[in-house]
Structure formats: structure tokens, C-alpha cells
Amino acid sequence: MSATFQPARGPDDLRPIVRCTCPDDAPLTCPACLLALNVNERDAAALLEHIGLNPAPSGAIEAYRLTTLCKLRLAMYDAEGDIPAQARGRVVVGGRAAGKLRACTAQLLTIARAAGDGWVGWS
Ligand SMILES: [Zn+2]
């Protein structure tokens, strides 16, 4: 499972404002794809906590609030170590590379700025 953060219509309608127009066999480079951040659900929860929100599988926030939260987090110095993958029996639980949350926060800031006075949703 994964979660995608992108400009949304509002808290009651998480459909993206801009639809993907990329051909099936082409790189994801349309305006909708450039303003979408897709991460696995563990990283999505960690990202939401990282910027000071309660982790929820889906939700929405006013873009101006998200802009502020991302700017505050990016202004903090924090050495974010990597989390190694762990094998539990036959299941390997994926880790996270150092700095990934910071990079995702920067991308989320770009999405929030693009959403202007609208909303950013995730699901
Ligand atoms: Zn696209």
C-alpha cells in the first residue's frame, strides 16, 4: 500500500485537481505527476509525524498550513539516520534511507505552494 500527496479539491473530496495525462509507456512527467508525492504507507505516516501532523491513512490540509509546517520542519537541523531493512522470518520490512523524510518534506512544500489557497490531500 502507498499514499499519494497532491493538490486536492478539499477535505471532503480528495480527488486530485489535475489528472495524470502521461501515456502508459512514458515517464511520469505531466503536471499532475510533477505535483504528486507517492510513498509507502509507513513513510507516509512517518512524514506526517515529521511535519507535526497526526499520521492518518488519508486526509487533507489547507495548503497554507502545510506550507508553514514544511518550512518550519525544513528550518530545523536534524540529522535523520537511515533505518535498515529488517528480516522477520520470510518477510523483509523495508527500511528508509537517511534524509528521505527531509527530501519528501521539500517535495511536499513544492506541492503545497502550487496548491496556493487550496488544499493538499493524501490517500
Ligand atoms: Zn502523469
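Me: Before we look at the helices, what puts two residues in contact here?
Reply: Two residues are in contact if their C-beta atoms, placed from the backbone, lie within 7 Å, and the model to which this applies is a predicted one.

Me: OK, so which residues of H3 and H4 meet?
Reply: From H3 the residues are Ala63, Leu66, Thr67, Cys70, Lys71, Arg73 and Leu74, and they meet Thr105, Ala106, Leu108, Leu109, Ala112, Arg113 and Ala115 of H4. Sorted by class, this contact holds nine nonpolar, two polar and three charged residues.

Me: At what angle do the axes of H3 and H4 cross?
Reply: The axis of H3, which covers residues 63-75, and that of H4, residues 100-115, cross at roughly 150° and come within 8 Å. Because angles over 145 degrees count as roughly antiparallel, H3 is roughly antiparallel to H4.

Me: And is that crossing left-handed or right-handed?
Reply: H3 passes H4 in a left-handed crossing.

Me: Switching to strands, what does E1 pair with over four bridges?
Reply: E1, residues 2-10, pairs in the antiparallel sense with E3, residues 37-40, over four bridges, and four bridges also join E1 to E7, residues 119-122, again running antiparallel.

Me: Which residues are the bridge partners of phenylalanine 5?
Reply: In E3 the partner of phenylalanine 5 is leucine 37, while in E7 the partner is tryptophan 122.

Me: How many bridges join E1 to E2, then?
Reply: Two bridges join E1 to E2, residues 13-16, and these strands run antiparallel; alanine 8 has proline 16 as its bridge partner in E2. E1 and E2 form a hairpin, with two residues between them.

Technical notes: Residues numbered from 1 in each chain as written. Predicted model: local features only at pLDDT ≥ 70, side-chain atom pairs only at ≥ 80, totals over all residues. Axes fitted to C-alpha atoms, helices over the stretch in contact; angles between N-to-C directions. Parallel < 35°, antiparallel > 145°, perpendicular 65-115°, else oblique. Left-handed = near helix turned anticlockwise from the far one by under 90°. Nonpolar A, V, L, I, M, F, W, Y, C, P; charged D, E, K, R; others polar. Pairing = 2+ DSSP bridges.
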